[in-house]
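Me: I want to test the labels put on a protein model against their cut-offs. Please take them one by one.

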Amino acid sequence: MMEKIKGAILSPLAGYTDVAFREICSQLNAYMTVTEMVSAKALYYEDKKTASLLEILPHEKRVAVQIFGDDPDIMAEVVRRYFNSSEFAYIDINMGCPAPKIVKNNCGSALLAQPDLAYEVMRSVVRASTKPVSVKIRKGIGKVSSMEVAKLAERAGVSLITVHGRMREQYYNGLSDWDYIRDVAQSVSIPVIGNGDIQSYEDVVSKMEYSGVAGVSIGRGAIGNPFVFDEIYKRSAGLDYSPPGDIDRIEMAIRQLELTCKYKGERLGILEMRKQFVGYFKGMKGAKELRNKINQSSDLEEIIGMIKDFEDFIIGS
């Protein structure tokens, strides 16, 4: 992956990058997709609900699994037990999650303030893994920059670093600091992937040229807009690309709803899709009223009927 990649990576997002959404993004030419964040400790103690996050579908082209934890031995054992014989393309270590419950447990972004422990975790996973290992970091936590951890990642044998250009305390507010992402890319010799505020092909071109990263990953910018991966791939490759219209977005919302219900069951699938509909119907006349109606229903066929009626309304308006 040393060369610039044509396409973008789907960033891991808890509650969003499930198997249904990954399948869609993969078919729309995402370069690689990443699972929701998985607890190494939960896998170690064989939690069945956590293990269900590890499903890969035949339609998915290249999938990384993202794990989090602060115990080097447990992380290594989980890699040996679950991933060395799996179809995952990469093992990704999360050192960027800002969620309070993750940080309070000394995981995610908390490791950025503990370079020695971060190094032990990365080195342990690299030694245990037969797959390439990547790490996801943020700009830093508190007053501590993640630059030392980035350099230690290279020393530990990590193959790829993804940098989200916000401090832990920013969560997803403000702008991603692409000056910092550029500094990391210039400070290590392994490929760096930039993350934050990517919405379009134009964003990819400008940010890659500015920062010198090997590629980009997209998280929130893909919610309700998986078409962004197709745009980036095709325009990067010089292929024809037509942006989706409102009807394309509505049809894709139905497809994702059906896939999610197929893989997770109707009740859970409908609940989890409610937040996805916000992105799909954004900016459309009558979208708020539609979402309110959908949120009051727990019947798949009824919801599809509502969306189809909305589609007819959009076509006729």
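Reply: The turns below go from the whole chain to one strand and then one residue. This is a predicted model, where local features need pLDDT of at least 70, side-chain atom pairs count only at pLDDT 80 or more, and totals for chains, interfaces and linings use all residues. Residues are numbered from 1 along each chain as its sequence is written, and side-chain values use heavy atoms, with hydrogens and water left out.

Me: Why is the protein called as compact as a globular protein of its length?

Reply: The radius of gyration, taken over C-alpha atoms, is set against the globule rule: 2.2 Å times the number of residues to the power 0.38. For 317 residues the rule gives 20 Å, and the protein has a radius of gyration of 20 Å, so the label holds. Its secondary structure comprises 14 helices and 10 strands. Those are DSSP runs numbered from the N terminus: helices are H or I with at least four residues, strands are E with at least two.

Me: How much of the protein is buried?

Reply: Buried residues are 56% of the 317. Buried means under 20% relative accessible area, exposed over 50%, and partly exposed in between, with a 1.4 Å probe and protein chains only.

Me: What makes strand β4 mostly covered?

Reply: In β4, residues 63-68, 6 of 6 residues are buried. One side carries V63, V65 and I67, the other A64, Q66 and F68, and all are buried, which covers both faces.

Me: How do you know which strands pair with β4?

Reply: Two strands pair if DSSP finds at least two bridges between them. Strand β2 (residues 32-34) has 2 bridges to β4, in the parallel sense. Here T33 has V63 as its bridge partner. Strand β3 (residues 38-39) also runs parallel to β4, with 2 bridges; S39 is partnered by F68. Strand β5 (residues 90-95) is joined to β4 by 4 bridges, again parallel, and Q66 stands opposite D92.

Me: Why is I294 called buried?

Reply: I294 has a relative accessible area of 1%, so it is buried. I294 belongs to helix α13, residues 287-294.

Me: What is I294 in contact with, beyond its neighbours within four places in sequence?

Reply: Contact means heavy atoms within 4.5 Å. I294 meets that with R274, F277, F281, I303, M306 and I307. I307 is 13 residues from I294 in sequence, and their C-alpha atoms are 8.5 Å apart.
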